[in-house]
Amino acid sequence: MSRSALVGNVTAMLEDAGFVVSDRCAIRPKSFDVAARRGEDLILVKILGNVDGFDGATGAEMRRLGTYLNATPFVIGLRTRDEELKPGVVYFRHGVPVFSPDTAMDFFVENVPPMIYAAPGGLYVSIDSDILADEREKRGWSLGQLASELGVSRRTVSKYEDGMNASIEVAMDLEELFGEPLTSPVDVLGGAEEVRDADPMPEDPAVEPEDEGIIAVLTRAGFDVHPTTRAPFKAVGEDTSEEENVLTGNSAFTKTAEKRARIMGSLGKVTLTRSVYFVDKAPKDEVEGTAIVEREEAESARDGEELRELIRERTTPPEELA
């Protein structure tokens with residue numbers, strides 16, 4: 001299957017699942033292919049045939065964007081090396097959850113969450129430690145007795161009851177022993193924080209010299225500005241006064257810039273943010289939801305409120321885009 005067909009299939013699946021899906025981010029380099037929203041759930045999706053092509057820099061940017069936009073990053077792919085991704089299993093690359101289209105279909109369309117995740121050493125599941133401890137105590141079993149039944153150490157059983165995850169084989173043995181389901185689904189929409197904890201949030205990249213002026217203007221206006229390197233926008237500005245994010249671009253107004261502005265407008269509709277593109281000379285005030293603002297206009301704004309009003313005049317409020 002070609003990557004273009006794969007992207008089309010995944011997009012159609014998300015729409016069938018009730019998501020509003022953005023236009024494809026068809027500009028390179030790109031950290032994600034589409035954004036999608038269903039209710040309060042916002043996801044950023046990278047779609048690959050071979051997930052080994054997902055590198056650390058892309059993973060770092062997706063995680064940062066997930067934080068700034070309150071979104072969960074995902075990779076949906078077909079295989080790793082020469083092996084297909086297993087159905088019902090969540091993999092991780094650079095702190096980002098990865099799974100197959102079949103797993104995505106089960107999760108998003110059928111509401112059947114994955115129960116298994118891959119980690120160094122094999123496949124694992126989350127054990128409900130409270131149920132495990134209750135079931136053991138109901139039977140009057142000691143930690144040592146349960147350890148003997150499982151063929152593991154007493155210390156290992158104690159760790160299971162403290163929340164340590166178990167191999168699939170151990171989980172199956174436990175459920176057979178107690179006749180009760182003891183596993184919990186992987187919390188992929190929660191960002192799988194239990195897996196990410198050992199992987200600190202990557203720092204923002206350095207500001208490109210050509211962007212320093214506009215970033216200074218936005219900072220003076222009260223935005224916390226986070227540069228990007230692989231997104232179709234140059235930065236995410238978090239509005240410290242109104243808690244309203246803005247996606248920003250900055251270049252001469254070319255056909256490529258207009259294409260970026262169009263993608264930014266589509267992303268703004270899904271992420272519920274405003275978007276603004278700063279240019280030297282603006283032939284129009286807006287491109288499909290993205291405000292077009294001349295740098296001189298932005299730099300001459302008396303204060304942050306005047307700049308915000310300039311952006312508001314040329315964009316639709318995020319809540320009306322939903």
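How many Å should the 17 residues of helix 10 span at 1.5 Å a residue, and how far apart are its end C-alpha atoms? The expected span is 24 Å, and the end C-alpha atoms of helix 10 are 24 Å apart, which agrees. This value, like the others here, comes from a predicted model.

Helix 10 is one element of a chain of 322 residues, of which 49% count as buried. The secondary structure comes to 13 helices and 17 strands. Taken along the principal axes, the C-alpha atoms fill a box of roughly 75 × 40 × 35 Å. The protein chain exposes about 15200 Å², and carbon and sulfur atoms supply 46% of that area. Among contacts with a separation of 6 or more, 60% are between residues 24 or more positions apart. One pair of residues gives a sense of distance across the model: glutamate 83 and proline 317 are 234 residues apart along the chain, and their C-alpha atoms are separated by 46 Å. Glutamate 83 belongs to strand 5, residues 83–84, and counts as partly exposed because its relative accessibility is 43%.

The interior can be followed from its largest nonpolar core, which has 35 residues. Phe32, Leu65, Phe233 and Leu267 have the most contacts inside this core. At least two core residues come from each of strand 3 (41–50), helix 2 (56–69), strand 6 (89–93), strand 7 (96–99), helix 10 (255–271) and strand 15 (274–279). Helix 10 gives the largest share of the core, six residues. Apart from this core lies another, of 24 residues, including Leu6, Ile47, Ala104 and Val188. Back in the largest core, phenylalanine 32 shows how separate stretches of chain meet. Beyond its neighbours within four places in sequence, phenylalanine 32 is in contact with Cys25, Leu44, Val45, Lys46, Met62, Leu65, Pro232, Phe233 and Leu267.

Two of the helices that supply this core can be taken in turn. Helix 10 is mostly covered, with 12 of its 17 residues buried. Among these buried residues are Leu267, Ile263, Met264 and Val270, and also Glu258 and Arg260. Just after helix 10, leucine 272 takes a positive phi of about 60°. Helix 2 has 14 residues and reaches 20 Å from its first C-alpha to its last, close to the 20 Å expected at 1.5 Å a residue. Because 11 of its 14 residues are buried, helix 2 is largely enclosed by the rest of the structure. Met62 and Leu65 are among the buried residues of helix 2, as are Glu61, Arg63 and Arg64.

Aromatic rings provide another route through the model. A pair of aromatic rings is described by the distance of the centres and the angle of the planes. The count of aromatic pairs comes to eight. In one of them, phenylalanine 92 and tyrosine 117 meet edge-to-face, 6.5 Å centre to centre and with 80° between the planes. This pair links distant parts of the chain, since phenylalanine 92 is in strand 6 and tyrosine 117 in strand 8 (residues 116–119), 25 residues apart. Both phenylalanine 92 and tyrosine 117 are buried. Tryptophan 141 and phenylalanine 178 form a tilted pair, 5.6 Å centre to centre and with 40° between the planes. Tryptophan 141 lies in the loop between helix 4 (129–138) and helix 5 (143–150) and phenylalanine 178 in helix 7 (residues 168–178), so the pair ties together parts that are 37 residues apart in sequence. Tryptophan 141 and phenylalanine 178 are buried too. Ring pairs also link Phe19, Phe74, Phe99, Phe107 and Phe108 into a cluster. Elsewhere, a ring is joined by a charge: the charged end of arginine 308 sits over the ring of phenylalanine 223, 5.1 Å from its centre.

The backbone has some particular points of its own. Most residues other than glycine have a negative phi, and most peptide bonds are trans. The peptide bond from arginine 28 to proline 29 is cis, with omega near -10°. Proline 29 is found in the loop between strand 1 (20–21) and strand 2 (34–38). Asparagine 70, which is not a glycine, has a positive phi of about 55°. Asparagine 70 follows helix 2, in the loop between that helix and strand 4 (72–80). With 65% relative accessibility, asparagine 70 therefore counts as exposed. Histidine 94 also has a positive phi, near 55°, and lies in the loop between strand 6 and strand 7. Histidine 94 counts as partly exposed because its relative accessibility is 38%.

Definitions and conventions:
Residues numbered from 1 in each chain as written. Predicted model: local features only at pLDDT ≥ 70, side-chain atom pairs only at ≥ 80, totals over all residues. Heavy atoms only, no water. Core = buried A, V, L, I, M, F, W, Y, C linked by side-chain atoms within 4.5 Å. Buried < 20%, exposed > 50% of the residue type's maximum accessible area, 1.4 Å probe, protein only. Helix = DSSP H or I, 4+ residues; strand = E, 2+ residues; numbered from the N terminus. Contact = heavy atoms within 4.5 Å. Phe/Tyr/Trp six-rings, centres within 6.5 Å; stacked < 30°, edge-to-face > 60°. Lys NZ or Arg CZ within 6 Å of the ring centre and 35° of its normal. Areas by Shrake-Rupley, 256 points an atom, 1.4 Å probe, with all protein chains shown as cover. Expected span 1.5 Å × (residues − 1).
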